[in-house]
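Biologist: I would like to learn how to read a model of this kind. Could we go through it feature by feature?

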Amino acid sequence: MTKEVRVRIAPSPTGYLHIGTARTALFNWLFAQHNGGKFILRIEDTDLERSEKKFEDDILKGLEWLGLNWDEFYKQSDRTKIYSKYIQKLLDDGKAFHCYHSEEELEKERQEQIAGRGVLAHFCEYKNKPVEHAQTGIIRLSVDRDSKRRIKFNDIIRGEIEFEERLLGDISIAKDTNTPLYNIAVVVDDYEMDITHVIRGEDHIANTPKQILLQEALGFERPEYAHLPLILGPDRSKLSKRHAVTSLAEYRDTGYLPEALLNFLALLGWTSDDSEKEILTKDKIVKQFSLDKVHKSGAVFDIKKLNWINSQYIKTYDDAELAELTAPFVEKNFGKQEKDYLIKISPLFRERLEYLDQVKEFHFFFREPEYDGGLLHWKDAGDEETKNSLAETEKIIEKIGVEDKEKLRGELDQLGKRLTGRGLVYWPLRVALTGEKASPDPVDVTCILGKEKTLGRVKRAVEKLRLS
RNA sequence: GGCGCCAUCGUCUAUCGGUUAGGACGUAGGCUUUUCAAGCCUAGAAGCGGGGUUCGACUCCCCGUGGCGCUGCCA
């Protein structure tokens with residue numbers, strides 16, 4: 001029987017959940033789901049200075065929102081004793097030592113190395129010296145500077161990768177016995193948590209040989225590695241705040257649907273079996289997911305494609321569901337509204353929304369439109385023509401009401417024929433109702449607004465023309 | 001500087017030696033039409049360069065070039 005797959009996402013709570021971290025989490029989660037394994041969430045807060053509870057909360061919320069439920073949860077700050085044990089063991093075995101160089105000395109050495117042969121690696125002479133100092137120096141894993149070894153590992157996505165051991169330097173692993181640094185915390189946790197596959201961003205490739213050395217020093221088994229391509233900004237550098245919104249929560253608050261974002265993120269670096277179908281449900285993605293379909297090169301984050309995918313998902317909801325989804329966004333922008341009213345508007349939402357916060361563009365359903373009277377003129381129609389058109393429109397609505405949309409449309413079409421064209425009827429009506437030159441169909445708007453409000457707005461438009 | 005990874009339309013990608021290099025987003029045009037969207041149709045748009053290997057390379061190998069990542073007592 002093969003070992004149960006166990007993967008993890010290991011974010012550090014030093015910032016809000018980044019979209020890239022969310023994607024790494026997604027790929028881990030998909031791999032676990034596909035293989036019937038376990039997905040573990042591990043908060044890497046060894047850097048107490050920079051870690052904050054609010055970021056941790058944001059990370060948990062974000063993953064939950066995306067539906068990436070975890071099977072086990074750990075926090076590194078709860079586990080210092082475990083790391084201490086292993087750090088002490090390395091010290092006792094003579095595999096690690098205290099380095100008493102000050103940060104200034106280290107920095108000076110670094111500058112000299114940059115000027116010199118270019119290799120940046122600290123091989124510490126305190127390695128073999130007896131301890132005379134109080135033990136305040138950082139702890140390093142001892143690496144052989146004369147090693148001829150090339151540390152090789154197989155990456156599931158990239159194939160064999162190798163590094164020269166002698167270029168690594170003595171690896172910093174802890175500030176003191178009770179304060180582990182990243183590399184050892186990862187190695188110990190991955191071992192203790194029985195992680196079988198380390199799936200992470202390609203920015204961690206260079207950490208891998210260091211972690212392998214630590215595994216070997218500790219006698220741990222090596223997990224499988226898979227380094228994911230990065231999500232890029234338009235300039236093809238690692239996606240950051242300077243390119244785009246990177247916080248997952250902001251996408252949620254803008255009205256991107258979790259299933260759309262998940263679909264989009266999955267496609268950023270992975271292709272389904274049928275590459276021509278891009279709208280994929282979570283279940284389908286889980287079923288098809290495989291690491292050997294993951295790409296090697298980075299993918300530029302394209303908000304336009306996300307918008308399109310999101311609009312496709314929005315179209316799948318019925319009126320009541322859409323009213324439910326849009327309600328918080330409407331409330332945020334215009335105050336609380338009747339549910340039934342939102343249900344009436346929903347067909348228009350469905351057709352036009354790319355993301356939910358775009359309900360802003362439907363302001364005329366929630367407040368009186370403001371516009372310049374001149375906008376009421378269709379092409380080069382004058383005040384009189386426009387006023388007349390609006391007055392006739394008013395009569396028609398007054399007479400037949402707004403219950404029968406098609407009948408109303410028919411009557412207004414007839415009016416268009418009597419006048420110089422339908423444009424002369426619909427354009428002023430649109431502006432009167434919405435205050436916009438681009439809007440949904442004015443008859444649709446009329447029927448949603450209702451007879452009373454519609455007539456009020458038409459009258460106000462006529463008044464505007466009279467005064468101008 | 002050193003080390004590593006990567007390289008097909010503007011973007012996301014298909015192709016696992018033989019294709020008119022396919023699809024999606026976006027763009028342009030058209031249909032529809034009262035505007036704007038949506039929808040449908042159409043168009044334009046790509047193999048970084050140079051060497052090999054081969055009957056035949058986008059595909060395999062090498063060398064360039066370019067981009068990115070790492071180069072912390074951050075993770």
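Modeller: The turns below go from overall form to the RNA surface and then to one sheet. Keep in mind that this is a predicted model.

Biologist: How many helices and strands does chain A have?

Modeller: Chain A contains 17 helices and 13 strands.

Biologist: Is chain A compact or spread out?

Modeller: The test sets the radius of gyration against a globule rule. For 468 residues the rule gives 23 Å, and chain A comes to 32 Å, well over that, so chain A is more spread out than a compact globule. Its C-alpha trace spans about 105 × 55 × 35 Å along the principal axes. As for burial, 34% of the 468 residues count as buried.

Biologist: Which residues come nearest to RNA strand B?

Modeller: There are 62 residues around RNA strand B, and Glu44, Gly118, Tyr182, Ser297 and Ala438 of chain A come nearest. By class, this surface has 24 nonpolar, 15 polar and 23 charged residues.

Biologist: Which helix gives the most to that surface?

Modeller: Helix 15, with 5 residues. Other elements supply at least two residues each, including helix 4 (103-115), strand 7 (159-164) and helix 16 (442-449).

Biologist: What is the strand order in the open sheet of 4 strands?

Modeller: The order is 4-5-8-9, with antiparallel pairing. Strand 4 (96-99) and strand 9 (179-180) are the edges: each has a single partner strand, so one side of each lacks a neighbour in the sheet. Strand 5 (residues 138-141) pairs with strand 8 over 3 bridges. There, arginine 140 has serine 172 in strand 8 as its bridge partner.

Notes
Residues numbered from 1 in each chain as written. Chains lettered and ligands numbered in written order. Predicted model: local features only at pLDDT ≥ 70, side-chain atom pairs only at ≥ 80, totals over all residues. Rg over C-alpha atoms; globule rule 2.2 N^0.38 Å. Buried ≥ 20, exposed ≤ 12 C-beta atoms within 10 Å, placed from the backbone. Near = placed C-beta within 6 Å. Nonpolar A, V, L, I, M, F, W, Y, C, P; charged D, E, K, R; others polar. Pairing = 2+ DSSP bridges.
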